[in-house]
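Dear colleague,

I am passing on a structure that you have not worked with before, and below it I have set out what was found. Please read the notes with the structure open beside them.

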Amino acid sequence: REKMKLKADKKRRKVTGKNWSVQLDGETQKPFWQNFDTGESIWEKPTIIVELEAEALARLNKWNALTMKPLLCIMKYLAPLPDRMNCSAVCKQWSRAAKHISFVLHVYPIEMGAAIEHVKLDINHFRNFEKVMPTVLPGDTIELGDGHYWLNDGLDINFPLRIVGDERDPTNVVLELSGSIKWKGKGGWIEGVTLRRPRVSSDDKSLICHFENGSCTIVHSIMNNMGSMGTVLKCYHSSVKMLNVTLKGEGKKTSGISSNGIDMDGGSKLQLTQCRINNNSCSGIRVSNKSSVNIDECMLKRNSMFGIEMTEHCLLSGKIADSSFVENESGDIMMDDTCKIVDYSDIQTPCFDARAGVNVASGFLHKKKFKNQKHLGFHYLQENPEEVGS
């Protein structure tokens, strides 16, 4: 009977946290926690004590301080978008639970194939893209580890989705595309990945990304379409923002094939910041049909036609003079009479050649000099870009 009592007391101390006490380290004079039942010593506060304190706080502050464990149980039954996102607006604790790391979908690269072939994976961990895509819900986040991923049939994305790789070095996470990423989702995020063609897909005419009636933000990434004769990225009636993105084409002129770095149509909107668009067999950026592009500190280099080509009531805006136009064979910017430029740069030195039809205007844009004046097919304005494009 005495033995049973001792065993019950030990179990009681375990579930109440009374087997832990704070001691002082003799050498560093720093406090640490010691379990006098097991002899274990740790610097951090024991999990059981943290959970008990959270429960006491929850009983005092009610729903606003509900502990993480029951909150995660609730959240896992909700769709990421919009249900879980709406719950995140309740308070800080609910917001932390809605964005908890346990909801992130992890995909292993092919280099890990042999190591995990016969291993049972944890929940929300997948061996490849073919396994994860049927489980993805609107608003989910897919996290990619360093390595290679093969997408033989491309991807069709019809809802908001986040794809996150290595934000410090996108060359560590490589998606080998044999097809295209077709994006129709109303919102999304791509970060820290390299999208490129495998060597076996040469002479292909596919795009890297095709945005149609969708929107997305792309940051710290590389899109390399070498090995394909198609355009790198195409937008139709879509809105795309890019920060520190490199787009590279095949670089070879091919008759009958329009392979631009970026092809915009149908009233699309594009915002480029610190991006590089190089080595395309046509123009770096082709803008048509009431689309608009905003550039800031970008480089358009060694494109076989123009750096930027604009037709049919389009708008070019931003700090254009802060961008670099280098070795574009047919010129830097070509626009027809229906297109407009709004340059917010305060420049005093030449920056690029401007072409309208076959005429060439070498020199620089200056807002005061060309304000509200027609000049070789351009209309230099100071108005708001939204007002100009309407």
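Helix 4 supplies the most residues to the lining of the second largest pocket, namely 4, and I should say at once that all of this rests on a predicted model. That pocket holds about 410 Å³ of space, and the elements that each contribute two or more residues to its lining are helix 4 (80–87), strand 9 (161–164) and strand 12 (186–191). The lining consists of 19 residues, and those that lie nearest the centre of the pocket are Pro80, Gly139, Asp140, Thr141 and Arg162. Sorted by class, the lining comprises 9 nonpolar, 6 polar and 4 charged residues.

Helix 4 also has a buried side, which is worth following in the display. Its buried residues are Pro80, Arg84 and Cys87, and because they cover an arc of only 85° around the axis, they sit on the same side of helix 4. This fits a general rule: an α-helix has 3.6 residues a turn, so residues three or four places apart point the same way. The buried residues of helix 4 pack against helix 3 (68–75) and helix 5 (92–98).

As for the chain as a whole, it contains 9 helices and 32 strands, and buried residues account for 45% of its 390 residues. Of the contacts between residues at least 6 apart in sequence, 56% join residues at least 24 apart. The chain exposes about 21100 Å², of which carbon and sulfur atoms supply 52%.

With best wishes

Definitions and conventions
Residues are numbered from 1 along each chain as its sequence is written. This is a predicted model: local features need pLDDT of at least 70, side-chain atom pairs count only at pLDDT 80 or more; totals for chains, interfaces and linings use all residues. Side-chain values use heavy atoms; hydrogens and water are left out. Buried means under 20% relative accessible area, exposed over 50%, partly exposed in between (1.4 Å probe, protein chains only). Contact means heavy atoms within 4.5 Å. Accessible areas come from the Shrake-Rupley method with a 1.4 Å probe; for residues, only the protein chains shown count as cover. On a 1 Å grid over the protein atoms alone, a cavity is a set of points where a 1.4 Å probe fits but cannot get out, and a pocket is an open set with protein on both sides within 12 Å along at least five of seven lines; lining residues have an atom within 4 Å of a point. Grid points are joined across faces, edges and corners, and a volume is the space filled by probe spheres set on the points. Ala, Val, Leu, Ile, Met, Phe, Trp, Tyr, Cys and Pro count as nonpolar, Asp, Glu, Lys and Arg as charged, and the others, Gly among them, as polar. The arc is that of the directions from the helix axis to the C-beta atoms.
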